[in-house]
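Trainee: I would like a close look at one part of this protein. Could you walk me through the place where the metal sits, and then show me how that part fits into the rest of the chain?

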Amino acid sequence: MLESPRVSGPPQLLIVEDEANIRDLVSLHLESEGYTCQSVSNGSDAFELLKADPYALVLLDVMLPGMNGLQLCREVRSGGVNANVPILMLTARGEEVDKLAGFQGGADDYLTKPFSILELSARVAALLRRTRRLTRTDEQAIPIEFDGIRLDPAKRSLQMHGHKIPVTPHEFRLFYQLAANRGIVFSRERLLADVWQGEVFVTERSVDTLVYRLRCKIEPDPAQPAHILTVWGEGYKCAEA
Ligand code: CA
């Protein structure tokens, strides 16, 4: 799998938003904070850019003309130079069901409009920090192999029987944490702390959603998981050999 780029110089962000006033406000503000921003107003243009160049982070509006944010998110996650890019979704709709759809589609974080520009930049900074920390920590960690599965932290890559499986940074971290400690049960609370590392905008439901997403990628039958097991009333564990 292709890795997110090592950041040298200002991080390059992609803003995908069809409302010009929001797009300009966000772009101007983030550039004033030292980021380099590229902005587009529809999903198709964004998709072309995301196929071509690696970005440090994507701000993605959900309701877009053409390909919407959820479709775009799934496409980006399915492979390519930005398969692991942190994605912060923006939406005017705040219902749980939309958040769930966003997280299942591979978004890393979520912000509901109207949002304050300060909150937006705090979330952007937190996501970038987390991605860098994940990379740094994982460079010191060792690859794990079992049952035809290979997890390589230095490349943040997951292979199953020789096939690369695109995973987000969160999904990788969750799987690596469980796989490195097979048979040991981790509570949702512990996984929240380990996988999200202090981010405040997640709940224990986020763990269930992330497990669901990961199972859809790694389990032959996600309803009868063989690798990531639910331990009722306690949490999750990776099956022992
Ligand atoms: Ca919109």
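Mentor: Happy to; we will start at the metal site and then move outward through the chain. Please keep in mind that this is a predicted model.

Let's begin with the calcium ion. Its protein donors are Asp 18 (OD), Asp 61 (OD) and Met 63 (O), which lie 2.0 to 2.3 Å from the ion. Written as a pattern along the sequence, the donor residues are spaced D-x42-D-x1-M. Asp 18 is in the loop between strand 1 (12-16) and helix 1 (20-32), while Met 63 is in the loop between strand 3 (57-61) and helix 3 (69-77), so this pair ties together parts that are 45 residues apart in sequence. How buried or exposed are these two donors? Asp 18 is partly exposed, with a relative accessible area of 33%, and Met 63 also counts as partly exposed, at 48%.

Now follow the chain from Asp 18 into helix 1. This helix has 13 residues and reaches 18 Å from its first C-alpha to its last, close to the 18 Å expected at 1.5 Å a residue. Its buried residues are Ile 22, Arg 23, Val 26, Ser 27, His 29 and Leu 30. A general point helps when you read such a list: an α-helix has 3.6 residues a turn, so residues three or four places apart point the same way. After helix 1 comes Gly 34, with a positive phi near 100°.

Next, let's see where nonpolar side chains gather. In soluble globular proteins, such side chains tend to be buried together. Here the largest nonpolar core has 28 residues, and those with the most contacts inside it include Phe 146, Leu 151, Leu 158 and Ile 228. Among the elements that each supply at least two residues of this core are strand 6 (144-146), helix 7 (188-196), helix 8 (204-218) and strand 11 (235-238). Helix 6 gives the most, with six residues. If you click on Phe 146, you will find that it touches Leu 151, Phe 175, Ala 179, Arg 182 and Cys 238, leaving out residues up to four places away in sequence. There is also a second, separate core of 20 residues, which includes Val 40, Leu 60, Val 62 and Cys 73.

A few loops have backbone details to look for as well. The peptide bond from Lys 113 to Pro 114 is cis, with omega near -5°, and Pro 114 is in the loop between strand 5 (109-112) and helix 5 (117-140). Further along, Arg 156 has a positive phi near 45° although it is not glycine; this residue is in the loop between strand 7 (149-152) and strand 8 (157-160). His 161, also not a glycine, has a positive phi of about 50°, and is found in the loop between strand 8 and strand 9 (163-165). As for their surroundings, Arg 156 counts as buried at 6% relative accessibility, whereas His 161 is exposed, at 60%.

Finally, step back to the whole chain. Its secondary structure comes to eight helices and 11 strands, and buried residues make up 50% of its 241 residues. Among contacts between residues at least 6 apart in sequence, 60% join residues at least 24 apart. The accessible surface comes to about 11,100 Å², with 53% of it belonging to carbon and sulfur atoms.

Terms used:
Residues numbered from 1 in each chain as written. Predicted model: local features only at pLDDT ≥ 70, side-chain atom pairs only at ≥ 80, totals over all residues. Heavy atoms only, no water. Helix = DSSP H or I, 4+ residues; strand = E, 2+ residues; numbered from the N terminus. Buried < 20%, exposed > 50% of the residue type's maximum accessible area, 1.4 Å probe, protein only. Donors = N, O, S within 2.8 Å, 3.2 Å for Na, K, Ca; no water. Contact = heavy atoms within 4.5 Å. Areas by Shrake-Rupley, 256 points an atom, 1.4 Å probe, with all protein chains shown as cover. Core = buried A, V, L, I, M, F, W, Y, C linked by side-chain atoms within 4.5 Å. Expected span 1.5 Å × (residues − 1).
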